[in-house]
Structures are given as C-alpha cells and as structure tokens.
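Let's take a friendly look at a protein model and the molecule it holds. Have a look around before reading on.

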Amino acid sequence: MNVETADMNTELMVDGNAIAGELEQIFGHDMTMAVARCAGCAADSMMATLMAFVRGPGAVLRCPSCTSVIARIVETPTATYLDARGMLYLRMTHAS
Amino acid sequence: MAALEWQLGTVTTIQPETPKTKSFYVALPKWAGHRPGQHIDLRLTAPDGYQTQRSYSIASPPELSGQLELTVDLIQDGEVSPYLHDVVMQGDQLELRGPVGGYFVWDVTVGGPLLLVGGGSGVVPLMAMLRHRAAQHSTIPARLLYSCRTPDDVIYRDELNQLAGSVAGLEVLITFTRQAPAGWTGYQRRIDAAMLNEVITPFGTSARTYVCGPTLLVESVANLLVGMGLPADRVHTERFGPTGS
Ligand SMILES: Cc1cc2nc3c(=O)[nH]c(=O)nc-3n(C[C@H](O)[C@H](O)[C@H](O)COP(=O)(O)OP(=O)(O)OC[C@H]3O[C@@H](n4cnc5c(N)ncnc54)[C@H](O)[C@@H]3O)c2cc1C
Ligand SMILES: [Zn+2]
C-alpha cells in the first residue's frame with residue numbers, strides 16, 4: 001500500500017471527525033468544516049476529511065491528497081500543543 | 001460561547017441490540033441538544049488516574065430530549081467497549097462531552113435525496129438521521145444501504161423493518177457479506193461499484209451521501225461514489241477505525 005509508512009496503518013486510521021472534540025476545545029467552536037490548505041501539495045481539505053491517527057502520543061493529521069503531515073496535537077498534563085506548520089492556512093467561514 | 005465541558009450522565013437503560021452490540025441510554029441533565037450525525041467523546045478514568053477516551057455516535061434523534069442513546073459494538077480485545085459491555089450497569093455514571101462534529105450532520109433542512117451507506121456500527125449516526133427524518137414526517141427520498149456480516153449482526157433490525165414499512169419514501173437495503181438468512185433474495189456481497197450504482201440510480205448524482213463505518217469500507221465506498229461522478233462535497237464520510245472489520 002503506497003500510503004503506508006512507518007507511522008501509518010490505513011486500517012487504524014480514522015479522520016478529522018474523531019478529533020472534533022479536541023479541536024473544539026482548542027478553538028471554542030466546531031472546526032470540522034474549516035478548510036486547511038496543505039503546505040505540501042496545496043490541496044484544500046475540510047478538517048473532517050483529513051486522515052487522522054489518534055492512538056499514538058497525541059494526534060497526527062495528514063493530507064488525504066499527498067499524505068504529508070498537516071498538524072499534530074499533543075496534550076500534556078499542563079498544556080495543549082498544536083503544531084500546524086504543515087498547513088499554509090486554515091479558512092474558517094463566518095457563521096451565518 | 002459555552003466551552004465544551006465534560007459532564008456526567010447516568011445510564012438509565014441497557015438494551016442488547018445484537019449478540020455483540022448494546023445500546024446505552026444516558027440521562028444528561030445538562031445536555032444542550034444535538035444534530036443527527038453528531039457524536040460524543042466518552043472518557044474513562046481508572047482509580048489510579050489513567051484516562052482513556054473514545055468517540056461514540058449519538059443514535060437517538062434530537063427529538064428525544066433529556067437522554068442520549070449510544071450503541072456500542074463489542075471489540076473483544078478492545079479497551080473501552082468491553083468495559084461498557086461487561087462492567088457498566090444501569091444506574092452507573094459515564095463521563096462524556098459533546099455534542100461534537102458539524103460536518104457529518106444531516107437534518108431535514110439539508111434536503112435530499114439522501115443516500116446513507118453504513119457498515120457494522122457505522123449505522124449508528126445514520127439511524128439518528130433516519131429517526132429524525134421520521135419524527136419530522138419528512139418525505140425526502142431516502143435509502144439506507146447497510147452492510148452486515150450475518151443476520152445476527154443487523155443492529156436495529158426490527159426498527160429498520162418497521163420504518164421501511166411505515167415511513168414514506170424510505171428504502172432499507174441490507175447486504176450480507178458472510179451469511180445471508182435462508183431464502184434471502186437481496187444483496188450478499190461486499191459493497192461494490194455495481195451495487196452502489198443500482199442503489200443510487202433513482203437519485204442520480206444529486207444525492208447527498210453519508211458513508212460511515214470501518215475505515216476500509218468508508219474509503220472504498222467514498223472512492224467509488226466520487227468515481228461515479230458525485231461531487232466530493234456531497235460525499236460525507238466518517239471513519240470508525242478498525243472496528244467491526
Ligand atoms: C467519530 C467516531 C464515532 C464512533 N462511533 C461509534 C459508535 O457509535 N459505536 C461503536 O461501537 N463504535 C464507534 N466508534 C469506534 C469507537 O470510538 C472505538 O474505536 C471502538 O469502540 C473500539 O474501542 P475499544 O477501546 O473497545 O477498542 P480498542 O482498544 O481501541 O481496540 C480496537 C481494535 O483495534 C486494535 N487497535 C486499536 N488501536 C491499535 C493500535 N494503536 N495498534 C494496534 N492495534 C490497535 C485493537 O487490537 C482492537 O482490535 C466511533 C469512532 C469514531 C472515530
Ligand atoms: Zn497535501
């Protein structure tokens with residue numbers, strides 16, 4: 001399987017829906033429909049549709065088009081880290 | 001804006017659905033309501049402080065207030081589902097937060113035609129949509145294609161039969177992937193292009209589709225639907241992981 005690398009097992013993969021709660025905790029509202037532009041291939045994906053690996057230490061989100069890492073979320077007892085250097089931007093449509 | 005808070009609910013009823021699936025009704029005094037398709041995060045805390053968390057879809061429609069129905073498939077070597085199945089009893093408390101997720105949501109204001117495709121416990125959020133549709137007396141054309149291994153594995157079987165027989169514009173199609181009931185004339189194979197094509201034909205590419213279940217099933221169905229010409233933004237997906245595969 002070409003999308004499999006050492007830290008990726010497609011069968012154990014979920015998607016951005018699985019971390020909707022974490023994202024809402026960080027941003028204060030639902031983020032599943034926010035659109036991330038991948039820094040690797042410039043594809044736009046809703047957060048819900050990102051590949052998600054949630055059973056490691058922290059969560060890893062990958063681009064469904066090119067599989068590069070878009071973001072990582074790590075919880076420690078005292079803080080939440082969001083590493084989002086894999087995205088060019090995140091677009092959040094204003095609530096209508 | 002209200003922060004997403006962990007809250008305690010009380011298990012009021014536990015109902016077996018299949019030999020390996022149970023529904024848990026959880027009464028939540030602070031629940032603010034939900035939309036069909038949303039889920040909750042459930043958190044377990046061991047006496048030594050170790051915590052673990054899983055997501056579970058809400059099976060009940062928004063029209064049922066004051067409590068939620070969660071339907072959980074038993075994964076033998078799992079961590080959380082065996083605890084829910086074998087340890088949790090009526091009257092126990094569960095810690096959860098939600099509702100979460102805005103993407104995998106359908107209600108009657110979204111419109112149709114509606115094609116729901118589920119595998120195993122992936123039928124759970126789809127059931128919330130169908131229950132909501134029925135409670136609203138909606139006639140939006142809807143079809144559920146539901147992949148099960150054997151007749152014993154059909155979650156909500158009686159209710160699905162009853163809905164399909166009584167509610168206008170709804171068709172329920174089950175495919176059995178391992179063993180079909182005696183005399184079964186419906187589908188008996190994994191969901192493939194030919195099956196999806198037949199199921200979607202009355203709706204065409206205007207269908208709003210929601211695909212949920214084990215990751216490999218969702219991947220394959222979503223790819224097939226997009227390959228059939230459905231715009232990607234009409235194909236909503238939710239992957240449950242290796243569950244039930
Ligand atoms: C948005 C969402 C909604 C969901 N809704 C429902 C629902 O309504 N009903 C339902 O029954 N389930 C649902 N699930 C699945 C649920 O969250 C759990 O994954 C499921 O209950 C299994 O949890 P567990 O702790 O029992 O098993 P786990 O301990 O997670 O194990 C599950 C299986 O995966 C294997 N596994 C898991 N992680 C690893 C790993 N890192 N390495 C190797 N093997 C691993 C285990 O060996 C086992 O076979 C949903 C998931 C998501 C993301
Ligand atoms: Zn990319």
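Where in chain B is B:Pro113 found? B:Pro113 is in the loop between S6 and strand S7 (114-119) of chain B; here helices (H or I, at least four residues) and strands (E, at least two) are DSSP runs, numbered from the N terminus.

Before we continue, note that this is a predicted model, in which local features need pLDDT of at least 70 and side-chain atom pairs count only at pLDDT 80 or more, while totals for chains, interfaces and linings use all residues. Residues are numbered from 1 along each chain as its sequence is written, chains are lettered from A and ligands numbered from 1 in the order in which they are written, and side-chain values use heavy atoms, with hydrogens and water left out.

**Backbone details**

The peptide bond from B:Gly112 to B:Pro113 is cis, with omega near -5°. Another cis bond runs from B:Gly98 to B:Pro99, with omega near 5°, and B:Pro99 belongs to strand S6 (residues 93-100) of chain B. B:His137 has a positive phi of about 50° although it is not a glycine; this residue lies in the loop between helix H2 (123-135) and strand S8 (142-148) of chain B.

**Around the ligand**

Ligand 1 has 25 residues around it, and those that come nearest are A:Arg55, B:Ser55, B:Tyr56, B:Val80 and B:Ser81 (a residue is near if one of its heavy atoms lies within 4 Å of the molecule). The site is shared between chains because residues from chains A and B surround ligand 1.

Three polar contacts (pairs of N or O atoms within 3.5 Å) involve an oxygen atom of the ligand:

| Partner | Part of the residue | Distance |
|---|---|---|
| B:Tyr56 | side chain | 2.7 Å |
| B:Val80 | backbone | 2.7 Å |
| B:Ser81 | side chain | 2.6 Å |

The protein covers 80% of the 960 Å² of accessible area that ligand 1 has on its own (areas come from the Shrake-Rupley method with a 1.4 Å probe).

Which elements of chain B give two or more residues to the shell? They are strand S4 (51-57), strand S5 (67-73), helix H1 (81-86) and strand S11 (235-239). S4(B) gives the most, with 4 residues. Domain 1 (2-100) and domain 2 (114-240) of chain B each provide at least three residues of the shell, with bounds taken from an automatic or database domain assignment.

Methods: Polar contact = N/O pair within 3.5 Å; in protein donor to acceptor, adjacent residues only side chain to side chain.
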